[in-house]
Amino acid sequence: MKRLNNKICLVTGAARGIGAAIAAAFKDEGAKVILTDKNLRTLHATASDLSMEFHELDVENEEHWERLSQLYPQIDVLVNNAGITGFEDSHASQDPENSTLEDWKRVHRVNLDGTFLGCRYAIRAMRKKGQGSIINISSRSGLVGIPQAAAYASSKAAIRNHTKTVALYCAEQGLNIRCNSIHPAAILTPMWEPMLGDGPDRETRMETIVADTPARRFGQPKEVAALAVLLASDEAAYITGTEMTIDGGLLAGSIASPARD
Ligand SMILES: NC(=O)c1ccc[n+]([C@@H]2O[C@H](COP(=O)([O-])OP(=O)(O)OC[C@H]3O[C@@H](n4cnc5c(N)ncnc54)[C@H](O)[C@@H]3O)[C@@H](O)[C@H]2O)c1
């Protein structure tokens, strides 16, 4: 018996990276998966590879969510995965002293407003059955301060807290709708490519980035997907309102890196 048999699962930002890996893992576990993303071209290619239904969804756009709710008035699982760092199209400073208000708002619109709209849609679409699972992809940056990425850290921290509010609200309403956040760190996806490059020093850059990670490597999207499968499944029936780190041990200690010999 597959773990997500007959569940209708919708994933945002699923054209590539962690979202695409979650979609593939859900399908392997028997789910009917709906892929969504803002980037239609990549979405189309990924949906063809995975043989899945897909729809354009810019998570900060309320009308897009409204359209989706007409198409899918009832779902079992939503993964609010779409997110941006703010460095995708710009190298402008994002520290708390020099960030522009527009850059600050842009990151919050996608990461936080997108998650708010997703949770609102999911509660309504799960209320009919009275059960479901909402999985919000936050970050280790939602648990600690990040001097050079103030808006990203702030938006991811707010996702962590909103997750708990949604979990408590649903419980108060007598609904068996669970809501949890996942906090990955250093997962090797296309998000990292602008920072890693493809030059001869790529390997060195990768080693530097994970030097403080006890596991001393990048995580893989499928490792995050395995955690999402657990939270989506009925095995996680008693897990709600919690946060789960998946970071190779990075946040386990104040000085995370074990002594080298
Ligand atoms: N990769 C990591 O190391 C890491 C670490 C911590 C948290 N995360 C989080 O995991 C999630 C996925 O990250 P990833 O590494 O796969 O990133 P990615 O950049 O590879 O993929 C993100 C996807 O989101 C889509 N997207 C961006 N803005 C959107 C919008 N407004 N509406 C809909 N889709 C949109 C992009 O088109 C892309 O397909 C993000 O929320 C990210 O913050 C990633």
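User: Which residue stands opposite His183 in β7?

Analyst: Strands and helices here are DSSP runs, numbered from the N terminus (E, at least two residues, for a strand; H or I, at least four, for a helix). Strand β7 covers residues 243-246, runs parallel to β6 and is joined to β6 by four bridges; two strands pair if DSSP finds at least two bridges between them. Across from His183 in β7 sits Thr245.

User: What kind of model is this?

Analyst: Residues are numbered from 1 along each chain as its sequence is written. Local features need pLDDT of at least 70, side-chain atom pairs count only at pLDDT 80 or more, and totals for chains, interfaces and linings use all residues, as this is a predicted model.

User: How many of the nine residues in strand β6 are buried?

Analyst: A residue is buried if 20 or more other C-beta atoms lie within 10 Å of its own, exposed if 12 or fewer, and partly exposed in between, with C-beta atoms placed from the backbone. Strand β6 takes in residues 176-184 and is mostly covered. Of its nine residues, the number buried is eight.

User: And which handedness does the crossover from β5 through helix α5 to β6 have?

Analyst: Strand β5 (residues 131-137) and β6 pair in the parallel sense over seven bridges, and one partnership sets Ile135 against Asn180 in β6. From β5 the chain goes through helix α5 (residues 150-172) to β6, a β-α-β crossover. Look with the strands pointing away from you: if the path from the first strand over the helix to the second runs clockwise, the crossover counts as right-handed. This β-α-β crossover is right-handed.

User: What about the crossover from β1 through α1 to β2: which handedness does that have?

Analyst: Strand β1 (residues 8-11) runs parallel to strand β2 (residues 32-37), and four bridges join them. Ile8 is placed opposite Lys32 in β2. Going from β1 through α1 to β2, the chain makes a β-α-β crossover that is right-handed.

User: In β4, which residue is the bridge partner of Leu10?

Analyst: β1 also runs parallel to strand β4 (residues 77-80), with three bridges between them. In β4, Leu10 has as its bridge partner Leu78.

User: How far does helix α1 reach from its first C-alpha to its last?

Analyst: α1 spans residues 17-28, which is twelve residues. The expected span of a helix is 1.5 Å times one less than its number of residues, and for α1 that comes to 16 Å. The reach in the model is close to that, at 17 Å.

User: Why is α1 described as largely enclosed by the rest of the structure, and how many of its residues are buried?

Analyst: Among the buried residues of α1 are Gly17, Ile18, Ala24 and Phe26. Just past the helix comes Gly30, whose phi is positive, near 95°. α1 is largely enclosed because, out of its twelve residues, the buried ones number ten.

User: Which element gives the largest share of the shell around the ligand?

Analyst: Of the 30 residues around the ligand, Gly13, Gly17, Ala82, Gly83 and Thr189 come nearest. Elements giving two or more residues to this shell are α1 and α4 (101-127). A residue belongs near a molecule or strand if its C-beta atom, placed from the backbone, lies within 6 Å of it. The largest share, three residues, comes from α1.

User: How many residues of the shell around the ligand are charged?

Analyst: Ala, Val, Leu, Ile, Met, Phe, Trp, Tyr, Cys and Pro count as nonpolar, Asp, Glu, Lys and Arg as charged, and the others, Gly among them, as polar. The shell has 14 nonpolar and eleven polar residues, and its charged residues number five.

User: What is the radius of gyration of the protein chain?

Analyst: The chain has eight helices and seven strands. The globule rule (2.2 Å times the number of residues to the power 0.38, with the radius taken over C-alpha atoms) gives 18 Å for 261 residues. The chain is close to that, so it is as compact as a globular protein of that length, with a radius of gyration of 18 Å.

User: Is Asn6 buried or exposed?

Analyst: Asn6 lies in the segment before β1, and its phi is positive, near 65°. Most residues other than glycine have a negative phi, and most peptide bonds are trans. Because Asn6 has 9 other C-beta atoms within 10 Å, it is exposed.
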